[in-house]
Structure formats: C-alpha cells, structure tokens
Amino acid sequence: MGSSRVEIVDYLRVARRRLWLLVGIPLVAGAAAASIVLLGPQQYAATSYVAAPALVGGSAAQQYTGTQAANQFAAAFAAAVTSPQVVDQVAADTGVSADALRDGLAVKQVGASSQLTVTYTATDRSTVASVLAATGKRALAFLFASQVGIATDEVKTATDELTTATRAINDWEKANKVSQPDKLYQSTLQEIASLRQQQLQMQAVGNTRGANAAAESISAGQKRLDGLGPKLPDYQALIAQRDSATSALASARQGLQQARAQSQAADPEKVTSVGEVQPVSRVKALVALVLPVSGAGLLLAVLLVAVLEWLPRSRRAGRQPAVGRAAPALTGGRRGGDDTVVLPVVTSTVPEQHRRR
C-alpha cells in the first residue's frame, strides 16, 4: 500500500513538472483542428434514402436471399458506390472529380433492414443533389442492370446452340434421305406387330393368300428396320443435343425474365429519394474532429513525458560504476561482517628527520 502511494506521488510530481507538455500539446492539436474547421469553407450535405424491399428476400430466384440478405445487399451497394466504374460514371455525369466523390460519399445501413442512406458532403452546394441522384442510379444499375445483360447473353448463347443442333439434324436427314427416323422406326415396329397378329388370324381361318400378303409386308417392314437400326444412335445423339439446347434456352429465358423484373424493381425513380441540401453544422464538425485530435495529442504528450523521464535515468545508470563483490583483501587487511574489505593501517617508514625536513 505504501509503495503504491509513493508511485502515485512520483507520477503526480512528474506530471506537475511536465505540465506544460501535458497541457500544451493537446491544446495545440485541438487548436489546429479547430482552425481547420473554422477557417475552412462551408460544407453542404444531403442524404439519399434507398428503400428496395422487392430486391431482397422473397423467392430463391432473387439475387439476395436468406437470413443475411439485407446485410449482403447493404455490403454490395456500399461496394458499388465506391467502385471505380460507378465513381467514374458519376464523375462524368456531374463533373465532380472522382477523388471528391470518394471523400464525400458515405453509405450506412438503417439498423438491420435493407434500407440504406447515402450521404454526400461537399463545398459546392449545387453538386450535392445531382451527385446523390447519379450515385443511386449508377449503383443500382451496376448491381441489377448488369444481370439483365448477362441473362441476355445466356439467352443468345442458348439460342445459337439450339440453332446449331437443329441444323445438324436437318443435314443428317438430307444425307440419309429419311425424315424423323426414330418415329419411323417406332411406327414400323407397331405395323409389324399388327401384321403378325393379322397373319395369325388369317392362318387360323385358312386364308393362305392373306397370310402370305401379311408375311410379305412383315418382311418389307423388317428390311426397313434393319436399315434404320444402325443409323438411330447417331440421330438420337443429335436429338439429345437439341433437347438439351431447348432446355437451356428455356432456363435462360426464365433467368432473363427474372433479371428484368429485378431491374424494374430497382428503378431509381421508385426506390431512391434525395433529401434537402443543408449546410453542415460547424459545431458538430468541431466535436467530431477536435475531441479525437486532442485525445491523440494527450497520448502523444504522455509518451513524450515518459521518454523525457526515462532518458536521464538511463544516462545516470550508465555512468555509475559496476558494483560487484569485494576484491581480495590486501595483505594485512581483514573482511568485515557485511563482506566489505577493511584496509590495514599503513605506517610510514620514512625517518623522523626526513619528515621534519
């Protein structure tokens, strides 16, 4: 308890001796920050609200679904606002530099909802509203209109594949001089089965001529089957490719329809609203800037005082001789109880007459 009191007293003594540092540095830092705010140009700000509940959650076809859909949408929108593509587009639309846009734009999520606020701060009041409108439009288009382009490309690709597969089937039919051999093969099988049944019936009633005619038809049908059988695998492979392309085209068209629906739901005219442009309060700016800067200055002052107190002590400790155990005693000496050496009394051998002289 006593040692802690001594340490506190030492700290207070050091603080009193270095008070000019502990007070001066934070004051200078705070004054510099305050001068930046007070002497700088007046800034203006406005807030744009982005509320697009139709774009988040809902069916699995939505781009943002699940329990983290709102957070994912907020993160994606914030990243889109500061992306180089969107920043360059907004800069081209408004004439504001890209660096000014990055410094002035701020995106925040409203609680845990899918609603967002976009705030822009600038010294030119006339650019604030236009920047917010262009930012909302370009960011939403970056997130959702691009999906329409991707879906459109998928539809085109699927259409080209279906056209290629259909052309391959037509070329095969021309080369083999037969149309739809798979259906012809099935109909021939059914015809042969029917002829065989008729043949049996005619043989049962003794109609030899009819039975022979049925047999000839069966033989002709069997020849057609023998001619079509080896060709069917290649044709069926082409049919499978066409069916796959047809399915892919249907899926791509469905995706395009969903992408267009999301793009329409992301219409900036419907989901964004820009608030009134107002001057930024200098008091709030002072509080927001001066307090952190003063705190940093106080921390710097404490570190500086610690260094100034440590350096002299370190130098004094370096000048003191090293203290070790006692050296061996001289002849005639003796060792004290605390392990110190007591030197012997030295008696002069100079004659008395020489001392008198």
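## Helix 2 and its nonpolar patch

Val23 sits in helix 2, which covers residues 19-39. This is a predicted model, and in it Val23 comes out as partly exposed, with a relative accessible area of 38%. Val23 teams up with Leu19 and Leu27 to make a nonpolar patch of about 280 Å² on the surface.

Why can Val23 count towards a patch at all? Patch residues need over 30% relative accessible area, and Val23 qualifies on that score because its value is 38%.

## The hairpin of strands 2 and 3

Next up is a pair of strands. Strand 2 (residues 105-109) and strand 3 (residues 116-122) run antiparallel, and five bridges join them. If you want a spot to look at, try Ala106, which stands opposite Thr119 in strand 3.

Between the two strands of this hairpin there are six residues. Gly111 has a positive phi there, near 60°.

## Helix 7 and what covers it

Helix 7 takes in residues 181-205, 25 residues in total. From first C-alpha to last it reaches 36 Å, close to the 36 Å expected at 1.5 Å a residue.

Which residues of helix 7 are buried? They are Pro181, Thr188, Ile192, Leu195 and Gln199. The cover over these buried residues includes helix 6 (128-176), helix 8 (208-228) and helix 9 (232-265).

Just after helix 7 comes Gly206, with a positive phi of about 85°.

Notes:
Residues numbered from 1 in each chain as written. Predicted model: local features only at pLDDT ≥ 70, side-chain atom pairs only at ≥ 80, totals over all residues. Heavy atoms only, no water. Patch = residues over 30% accessible without salt bridge, like charges linked within 9 Å, V, L, I, M, F, W, Y side chains within 5 Å. Areas by Shrake-Rupley, 256 points an atom, 1.4 Å probe, with all protein chains shown as cover. Salt bridge = Lys/Arg side-chain N within 4 Å of Asp/Glu carboxyl O. Helix = DSSP H or I, 4+ residues; strand = E, 2+ residues; numbered from the N terminus. Buried < 20%, exposed > 50% of the residue type's maximum accessible area, 1.4 Å probe, protein only. Pairing = 2+ DSSP bridges. Expected span 1.5 Å × (residues − 1). Contact = heavy atoms within 4.5 Å.
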